[in-house]
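User: I would like a close look at one part of this protein, with the rest brought in where it helps. Please keep it plain.

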Amino acid sequence: MSKIKINRDDKNRVLLTELLPYEVPMLFSNDGFYSIISSGNWKYFLKKFQKFNMYPYNANQNKGSYGIPFNFDIRKSALGGTRTLSVIHPLNQLAFIDFYNKYDAVLQHLCSKSPFSLRQISKVAKFCYSPDMVFEEDTHKSQEAETEPDVLDKETKLLKSYFTYKPIDLIYKFYERNEYQRLEQRFNLLLEFDISKCFYNIYTHSITWAVKDKESSKKNSQKNSFENSFDKIMQLSNYNETNGIVVGPEISRIFAEIILQQIDLNVLTKLSSDGLKQGVDFEIRRYVDDFFVFTNNENYSEKILKLYKKELEEYKLYINESKTVSRSTPFITNIAVGKRELKLLLYSLFNSLVITDNIKANGKIEKVKRIKKLKTPYGFSKNFIKDFQCIVQRNGLTYDILSKDIVRHCKNVITKIFKDDSIDKSNDVIENFLLLILEISFYAYSLNITSSTTFKLAQMLVLICKFLEGKQEDLRQRIFSKVFREAYFVINIFQRKQQKNETNIETLNLLIALKKLDSAYTLSTKKIRTLFDLNNQSDFKKLNYFHIITLLYYFDNKTEFAEIRCQIEELIISKYKDNNDPFTKAELTMLFFDSMTCPFISIGTKKKIMKVTGYAKVSEERKEVSEILKYKTWFMDWDTEIDLERVLKKKEWGTSY
């Protein structure tokens, strides 16, 4: 992996890093939108939006048109419950370009004041990372080699974030740091708590209280300032709501961090005035809205908790009482013990499957690695699964807590094996090895189907498909058949457990990954209808934007999907007929542009959409379709030959916080 210098004059890059949730269909992104904005030709479409009384944010007047974000529900965990995430309206996303350009130094300052924060903005990123075309193992190390500047434009869309963060960017790294061990050595008690529905309850005006005090913010509410601008564009991004902010984008975490940093400082000031010394009597660490309080005195812990409750309430935020936990040393939990035992089990299994032989050649002893020939791969997988079940039971855990570690490890094993040319991967050994990997991976995946595990499973499937190119046909078909059976079984289970209005991003992404198999393994129309419960035309109404674009991509131009594709086209038209003001909605705005560029939608349907939205006069419909088609990609990438390996590598970088 190589480092590439970022063009820091490119202020549009916030579209690529700060404004979308992680949990979206893998072919949906702001890449196309970014290219259109960067080309300068967006002004043509801005005039079109003004026709519908939609105006971009004006910083000088601190006003603009609000948009209705595209909200979608994802599953919170295997145990149930959903979480609502949001995609900000494209017009409202534009406001953040100038905001970052003008205030990135202010954001950095306001997010680096608290000594408690584990995820502070460190600086504006100087580099992005260019991936090798084979997936790397999940490690935290990266090489320092820089790449020549002429690849910069090609790699710009691979940015991970606008800022770099310190000391960590992901919560699990906190437990792996030496600092955590030192804290355990110094303190006997650990109090953990978090904020109840933090992002959904944040009051947008409270950003002004965090930057200034309440009195000053009320007196200067109309002034053109950082805090007033931030308050306003967060409102406009969320249907002009002041109670709650959109959930999912990085910008929302930054907004929350500024408020929580000030709360940290308020607590620290009061503790100091009461004679408690940080580093002696207590230490506090906070990762976004998760708090860790280390003390040697239970009274100190209670005092700190009460202070946080009071300070949070000043900002209309409240502690989640049900998740407040006190621990005494050792701080290691059953989860940590279970993860360690599972890690040893995984290493034991896969290390036993790669054998090193000493072979004498030319008078020298050479070490040659080969995969162990397995007679009964399902016997190995059965024994592994039993051992895994014992770890879960012994530590009083649930399957979903540990299962994602299995999928990640299996992906790493596949990556390592395929990259190592010194390992014998001949047909007589690789088939059963792959069957073993797939059996274990799909079993673990079925226990906790999440976006991150879906991306890792998809990576594995893409690598396997690539490896099998040019291999014996009977080997390919046996492996493909295994993948298809397991994937369909898992999708079936997941869909049956779905909750009302759940988007099932995981199923959509798995469908995209399955397109890498031969066309013989395409799900039939009947199976698609069953999976998405699409028996009658009225059933299609529950499909949202993400469902529509993913299904259209999966259907391609295949004749067997002609009828259901027509039904989806009718659905798209009806969505606009049922909305008097469609372009205020992010969902219908993105669907409009993606429908125009979709190669699988008929020109007749595109002209009908133009007409029903009022976007263009009848005589100008074809011209306007052509204008939009000048840009191949807007939000959904319709390229059926897309390099899915690279897409998934990008998703791997941008793991959710």
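In which strand does Pro 167 lie? Please start there, then take up the other backbone features, the core and the buried charged residues.

Analyst: This is a predicted model. Pro 167 lies in strand β6, which covers residues 163–167. The peptide bond that joins Lys 166 to Pro 167 is cis, with omega about -5 degrees. A cis bond also runs from Thr 329 to Pro 330, and omega there is near -5 degrees. Pro 330 is found in a loop, between β10 (325–328) and α14 (334–351). As background, most peptide bonds are trans, and most residues other than glycine have a negative phi.

Phi is positive at two residues that are not glycine: Asn 53, near 60 degrees, and Asp 533, near 55 degrees. Asn 53 sits in the loop between α3 (42–51) and β2 (70–75), and its relative accessibility of 57% makes it exposed. Asp 533 belongs to the loop between α21 (525–531) and α22 (545–555); with 36% relative accessibility, Asp 533 counts as partly exposed.

Next, the interior. The largest nonpolar core has 214 residues, and Phe 230, Tyr 308 and Phe 546 are those with the most contacts inside it. Helix α17 (residues 427–447) gives the most to this core, with 13 residues. In soluble globular proteins, nonpolar side chains tend to be buried together. Apart from neighbours within four places in sequence, Phe 546 is in contact with Val 24, Pro 25, Phe 28, Phe 70, Phe 72, Val 87, Thr 503, Ile 505 and Leu 508. Ile 505 and Leu 508 are among the buried residues of helix α20. That helix spans residues 505–514, and 10 of its 10 residues are buried. The buried set includes polar or charged names as well, among them Glu 506, Thr 507 and Asn 509.

Phe 70 also appears in the surroundings of Glu 587: leaving aside neighbours within four places in sequence, Glu 587 is in contact with Phe 70, Asn 544, Tyr 545 and Lys 575. Glu 587 is part of helix α24 (residues 586–597). Glu 587 is buried and has no salt bridge, although Lys 575, the nearest side chain of opposite charge, is 4.0 Å away.

Lys 606 is a second buried charged residue, as its relative accessibility is 7%. It is found in helix α25 (residues 603–613). A polar atom of the Lys 606 side chain lies 2.9 Å from the backbone oxygen of Met 596. With neighbours within four places in sequence left aside, the contacts of Lys 606 are Ser 595, Met 596, Thr 597, Cys 598, Ile 601 and Val 625. By C-alpha positions, Lys 606 and Met 460 are 37 Å apart in space and 146 residues apart in sequence.

Last, the cysteines. The structure holds zero disulfides. Cys 390 cannot form one because its closest cysteine sulfur, in Cys 410, is 18 Å away, too far for a bond. For Cys 465 the closest cysteine sulfur is again in Cys 410, at 16 Å, so this pair is too far apart for a bond. Cys 390 is partly exposed, with a relative accessible area of 42%, whereas Cys 465 counts as buried at 7% relative accessibility.

Note on methods
Residues numbered from 1 in each chain as written. Predicted model: local features only at pLDDT ≥ 70, side-chain atom pairs only at ≥ 80, totals over all residues. Heavy atoms only, no water. Buried < 20%, exposed > 50% of the residue type's maximum accessible area, 1.4 Å probe, protein only. Helix = DSSP H or I, 4+ residues; strand = E, 2+ residues; numbered from the N terminus. Disulfide = S-S within 2.5 Å. Lys, Arg positive; Asp, Glu negative; His and termini not counted. Contact = heavy atoms within 4.5 Å. Polar contact = N/O pair within 3.5 Å; in protein donor to acceptor, adjacent residues only side chain to side chain. Core = buried A, V, L, I, M, F, W, Y, C linked by side-chain atoms within 4.5 Å.
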